[in-house]
Amino acid sequence: MRPFVENFPFFSIFLAILAAIVTATIRSGRAAYWVTVGVCAVGAALNACVLEYTYLGDLSFTYTMGRFLAPYGNAINCGPLQAMLTTSFSLVMAASLAGGRRDLFQDVLPEKQRLYFVMVDMLQASLLALTYTNDVFTGYVFIEISTIAACALVMAKDNGPNLIATIRYLFMSLVGSGLFLIGLTVLNSITGYLLMPSLAEAVEGLRLSGSYPIPLTVAVGLIVAGLGVKSAMFPFHLWLPDAHGGATSASSAILSGLVLKGYIVLLLVMILRVFSMELMVELGVTDVILAFGLLGMIFGSLAAMRENHIKRMLAYSSVAQVGYIFMGMGLGSVEGLIASCFHILVHACCKPLLFLCAGRLSAVSGHHKSLKNLRGSAYRDVVAGLGFTVGALSMIGIPLFGGFVSKLYFANAAVPTGMTAMILLTIALSTVLNALYYVPALLAIWVKPPAEDEAAILADVHPGETARDRSFMAAAIVLTLGIFVLGIFYHPITDLIEAGVWLI
């Protein structure tokens with residue numbers, strides 16, 4: 001009989017789907033909020049148990065659902081890497097909801113609040129399923145569920161610009177989903193399978209025999225392109241600033257910190273479990289991913305430098321950070337994948353913290369979003385100011401912060417490649433560009449404006465906005481600690497990632 005803990009990945013997905021059904025029947029938005037946060041906490045605990053079981057046992061396992069066995073059934077595959085990612089995603093989801101709680105209940109109409117949490121629950125289920133799935137078509141199904149839920153989170157703040165941003169987001173997401181589905185169809189037509197182990201065996205046979213080289217190249221290219229569009233890979237990122245910049249703080253934190261990662265993790269799993277890194281290198285796909293990653297690192301930062309709207313600046317910063325992740329995947333080595341996985345964790349902590357703190361700094365500044373009107377806002381909410389500072393310094397790559405370790409691992413992974421100088425130069429240039437827009441933002445929030453400007457800003461602030469927000473403070477502390485843990489105690493984490501990559 002299999003250990004009971006092997007049921008936990010399925011239980012965590014099922015509980016999230018069940019929570020979506022339950023919250024749809026609850027009239028109170030606040031009750032629905034607690035159900036959703038509770039499910040995220042339970043999911044984190046279940047997946048943490050799975051992490052301990054798989055890592056200490058140095059194993060991965062497959063959980064088959066239904067009575068159909070391979071190669072026709074549906075299954076979950078779990079190892080240390082998947083368990084670590086799902087645990088982190090669940091914790092960050094709970095922290096994002098807690099940190100953006102006040103803005104959420106102000107921005108979302110009371111009659112729509114329970115529906116908002118239905119979408120959050122479905123998004124949670126999608127993130128877990130995309131990470132754990134052992135079946136590529138199930139991955140496609142949850143890609144679509146994630147798309148619908150993410151669009152709902154964008155337009156929850158019901159105004160004209162957000163509706164336009166949602167339509168643009170939906171259009172680009174459907175393009176990405178369509179490319180992925182076409183690629184999946186081509187792959188299935190030349191292999192006959194959908195389960196990842198059977199697909200991997202068939203794809204390896206095609207690679208060794210040289211059969212169907214063009215269809216195989218097309219299938220891999222379409223799948224990578226589809227997931228690239230959905231995860232804001234440069235140059236398919238133009239939908240992201242409006243969608244993430246205009247949403248309520250909790251939505252921005254979830255969308256940037258988690259939703260983009262779900263698609264990237266699915267691509268990473270397919271590279272390791274279906275295509276193999278050798279095939280990706282032979283087809284030249286890694287070269288394309290590397291080129292787009294490097295370009296994203298530069299052009300995402302250049303776009304962020306031109307922004308004066310703090311949340312749009314953070315959204316463009318996400319394009320640059322996603323570029324780092326794709327650069328690591330494009331290096332064509334296990335070291336590059338380990339660096340990318342570590343940066344997924346770093347970005348999952350940093351970007352929600354930055355968006356949540358930006359939301360609070362805006363709230364205590366009359367809900368202004370421009371850096372000019374946020375001058376001195378860190379003194380009006382010191383926790384938000386400190387949290388934004390920690391997140392910004394991590395994104396720049398200052399030692400002792402998680403972002404520094406990411407860049408160090410990317411640099412080490414680049415050394416064995418034939419383009420070491422170019423990659424290291426790009427990392428250095430991107431770091432400088434990161435500093436050129438984060439440092440002015442830090443100066444803006446910490447430098448007090450003239451007395452008359454300060455009085456004008458405070459005149460627009462509702463007295464309730466300056467009250468202490470305990471939920472936000474708790475979330476900011478948790479995410480800040482996560483950044484320092486990743487920046488200081490990173491060796492055990494990278495060892496875990498490496499073990500998970502080999503066992504995936």
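This tour moves through the structure by selection, from the whole chain to individual side chains.

The model is predicted, so local features require pLDDT of at least 70 and side-chain atom pairs count only at pLDDT 80 or more, while totals for chains, interfaces and linings use all residues. Residues are numbered from 1 along each chain as its sequence is written, and side-chain values use heavy atoms, with hydrogens and water left out.

**The whole chain**

Begin with the C-alpha trace, which spans about 75 × 55 × 45 Å along its principal axes. The radius of gyration, taken over C-alpha atoms, is compared with a globule rule of 2.2 Å times the number of residues to the power 0.38. For 504 residues a compact globule would have a value near 23 Å, and the 22 Å of the protein chain agrees with this.

Switch to a cartoon to see 22 helices and two strands; these are DSSP runs numbered from the N terminus, with helices being H or I of at least four residues and strands E of at least two. Colouring by accessibility shows that 61% of the 504 residues count as buried. Here buried means under 20% relative accessible area, exposed over 50%, and partly exposed in between (1.4 Å probe, protein chains only). A contact means heavy atoms within 4.5 Å; among contacts with a separation of 6 or more, 81% join residues 24 or more positions apart.

**Helix H1 and its aromatic rings**

Select Phe4, Phe8, Phe10, Phe11, Phe14 and Tyr63, which form one aromatic cluster. Rings of Phe, Tyr and Trp (its six-membered ring) pair if their centres lie within 6.5 Å; planes under 30 degrees apart count as stacked, over 60 as edge-to-face and the rest as tilted. The structure holds 22 such pairs. In one of them, Phe10 and Phe14 have ring centres 6.0 Å apart and planes at 25°, so the pair is stacked. These two residues are four apart in helix H1 (residues 8-25), and are therefore separated by about one helical turn. Phe10 is partly exposed at 27% relative accessibility, and Phe14 is partly exposed at 44%.

**A pair between H14 and H18**

Next, select Tyr324 and Phe410, a tilted pair with 5.9 Å centre to centre and 40° between the planes. This pair links distant parts of the chain, since Tyr324 belongs to helix H14 (residues 310-330) and Phe410 to helix H18 (residues 402-414), 86 residues apart. Both rings belong to buried residues: Tyr324 has 0% relative accessibility, and Phe410 likewise has 0%.

Keep both displayed and add His343, in helix H15 (residues 334-363). His343 touches Gln321, Tyr324, Ile325, Ser406 and Phe410, not counting residues up to four places away in sequence. The side chains of His343 and Gln321 make a polar contact at 2.9 Å. A polar contact is a pair of N or O atoms within 3.5 Å; within protein, one must be able to donate a hydrogen and the other to accept it, and residues adjacent in sequence count only if both atoms are side-chain atoms. His343 counts as buried, at 1% relative accessibility.

**Further along H15 and H18**

Move along H15 to Ser362, which is buried at 1% relative accessibility. Leaving aside neighbours within four places in sequence, Ser362 is in contact with His367, His368, Lys369 and Leu374. Measure to Lys311 in the viewer: the two C-alpha atoms, 51 residues apart along the chain, are separated by 9.8 Å.

In H18, select Ala414, buried with a relative accessible area of 0%. With residues up to four places away excluded, Ala414 touches Leu331, Thr420, Ile423 and Leu424. Ala414 and Ala363 are also 51 residues apart along the chain, with their C-alpha atoms separated by 42 Å.

**Helix H2 and charges over rings**

Return to H2 (residues 29-57), whose 29 residues reach 42 Å from first C-alpha to last, close to the 42 Å expected at 1.5 Å a residue; the expected span is 1.5 Å times one less than the number of residues. Ser28 caps the N-terminal end, with a side-chain oxygen 3.4 Å from the backbone nitrogen of Arg30. Just after H2, Asp58 takes a positive phi of about 50°.

From Arg30, look to Phe105: the charged end of Arg30 sits over that ring, 4.2 Å from its centre. A charge sits over a ring if NZ of Lys or CZ of Arg is within 6 Å of the ring centre and within 35 degrees of the ring normal. Finish at Lys448, which lies over the face of Tyr379 at 4.8 Å from the ring centre.
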